[in-house]
Amino acid sequence: MRFKIIADSSADITGSYYKGETAFDYGCVPMSINGPNHITLVDLEPVDAVQFALKPKEVKGPWSSSCPSPASYLKELQGAEAAFIVTISSRLSASYSTACMAADMARAENPGVKIHVVDSKMASAGTAHIVLKLEELIKAGLSFDEICSEIEAFRKTLTLYFLIGSLDTLISAGRVKRVAGMMASVLNIHPICGEDGDGNIKIYQKVRGFTPALNRMIEMLGERGDTQGKHLIITHCNNPEDAEVLKNAAARLYHFDRITVMPMRGLASFYAGDHGLIVSF
């Protein structure tokens, strides 16, 4: 049985990441952002992801994101024997719902196809983390049902933190009240946010100054228990320097089995902002 992994573009993994992969197939369904004057940026590859963070600064007005249609997922499912679909948290987007619709359509067309849709309860590095775990499970030779069970259990163990580089997009998208956001910007406040265990985003701390906030996030890596044997994924928007600082500090202070650094795709860049950082472990 040939497996396929499909992710929406909240996962910071491009198709080129798996170029030449022979153990399974990989497909990515793009999300998009929409702004004033009918501006639409689609998170397709190749794409300059940084523009998703910079464009809302250049063009003032309301901005929002939109999820893939069922047809986009259905296109990726065509011809698949067994597929795993990984989406951004269902609390943050309708992507999970549209993926489930597509899965039902695919089953109606081909009753023999096996499809499991994973609500990551995460975004960005967290969604990517689940994709990379699926890769590991497939290469380990597990059956479809075994992988379904393992991946759902793994999802519940993950932690996600992100350090906002700029609040501009969150303000324009209505995710942060304008007055509060403007005050935070003036005072150079950088919130450290993360998942709440149920797919929602919560603010853990508000730190004044980006470097102190980065140092605090490094400390927080060790506050969720033993890091032994875990995989730390770091994604960044236009900020490889601080991602490297974070990587080196984590390697020095903790016992992660593996540390991976990758640039954010467009959607994560949109919400994290220029110089934003996201970690999953």
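This short presentation describes the predicted model of one protein, beginning with the whole chain and then turning to one helix and several single residues.

Good morning, colleagues. Let me begin with the overall architecture. The protein contains 10 helices and 13 strands. Its radius of gyration is 18 Å, close to the 19 Å that the globule rule gives for 281 residues, so the protein is as compact as a globular protein of that length. Along the principal axes, the C-alpha atoms occupy a box of roughly 60 × 50 × 30 Å.

On burial, 54% of the 281 residues count as buried. The accessible surface amounts to about 12,300 Å², and carbon and sulfur atoms hold 51% of that area. As for contacts with a sequence separation of 6 or more, 72% of them join residues 24 or more positions apart. With regard to charge, there are 28 positive and 31 negative charges, and the mean positions of the two sets lie 5 Å apart.

I turn now to helix H2, which runs over residues 70-77. Which residues of this helix are buried? They are Pro70, Tyr73, Leu74 and Leu77. Viewed down the axis of H2, the buried residues fall within an arc of 100°, so they line one face of the helix. The general background is helical periodicity: an α-helix has 3.6 residues a turn, so residues three or four places apart point the same way. On the face of H2 turned away from the buried side, we find the exposed residues Ala71 and Lys75.

What covers the buried residues of H2? The cover includes strand S1 (3-8), strand S2 (25-29), strand S6 (82-87), helix H3 (95-109) and strand S7 (114-119). Just after the helix, Gly79 adopts a positive phi of about 85°.

One further residue of H2 deserves attention, namely Glu76. Glu76 has a relative accessibility of 21% and therefore counts as partly exposed, the limit for buried being under 20%. Leaving out residues up to four places away in sequence, Glu76 touches Lys4, Ile6, Gly27, Cys28 and Val29. Glu76 and Ala102 are 26 residues apart along the chain, and their C-alpha atoms are separated by 9.7 Å.

From there I move to strand S6, one of the elements covering H2, and to its residue Thr87. Is Thr87 buried or exposed? Thr87 is buried, and its relative accessible area is 0%. Beyond its neighbours within four places in sequence, Thr87 has contacts with a series of residues that includes Tyr73, itself one of the buried residues of H2. Others among the contacts of Thr87 are Asp8, Ser10, Ser95, Tyr96 and Ala99. The list also includes Val117, Val118, Asp119, Ser120 and Thr127.

Next is His129, located in helix H4, residues 125-139. His129 is buried as well, with a relative accessible area of 4%. Its contacts, neighbours within four places in sequence excluded, are Phe154, Leu158, His231, Ile233, Ser280 and Phe281.

Let me contrast these with residues in loops. Asp257 sits in the loop between helix H9 (240-253) and strand S12 (258-263). At 61% relative accessibility, Asp257 counts as exposed. Which residues does Asp257 touch, not counting residues up to four places away in sequence? They are Gly229 and Lys230. From Asp257 to Gly229 the separation is 28 residues in sequence, but 4.5 Å in space, C-alpha to C-alpha.

The last region is the loop between strand S3 (32-35) and strand S4 (39-42), where Asn37 is placed. His38 belongs to this S3 to S4 loop too. Most residues other than glycine have a negative phi, and it is against this background that the loop is of interest. Asn37, although not a glycine, has a positive phi of about 60°. His38, likewise a residue other than glycine, has a positive phi near 65°. On accessibility, Asn37 is exposed at 68%, and His38 is exposed with a relative accessible area of 80%.

To conclude, I would recall three points. The buried residues of H2 line one face of the helix. Thr87 and His129 are buried, at 0% and 4% relative accessible area. Asp257, Asn37 and His38 are exposed. Thank you for your attention.

How values were computed: Residues are numbered from 1 along each chain as its sequence is written. This is a predicted model: local features need pLDDT of at least 70, side-chain atom pairs count only at pLDDT 80 or more; totals for chains, interfaces and linings use all residues. Side-chain values use heavy atoms; hydrogens and water are left out. Helices (H or I, at least four residues) and strands (E, at least two) are DSSP runs, numbered from the N terminus. The radius of gyration is taken over C-alpha atoms; the globule rule is 2.2 Å times the number of residues to the power 0.38. Buried means under 20% relative accessible area, exposed over 50%, partly exposed in between (1.4 Å probe, protein chains only). Contact means heavy atoms within 4.5 Å. Accessible areas come from the Shrake-Rupley method with a 1.4 Å probe; for residues, only the protein chains shown count as cover. Lys and Arg count as positive and Asp and Glu as negative; His and the chain ends are not counted. The place of a charge is taken as NZ of Lys, CZ of Arg, CG of Asp or CD of Glu. The arc is that of the directions from the helix axis to the C-beta atoms.
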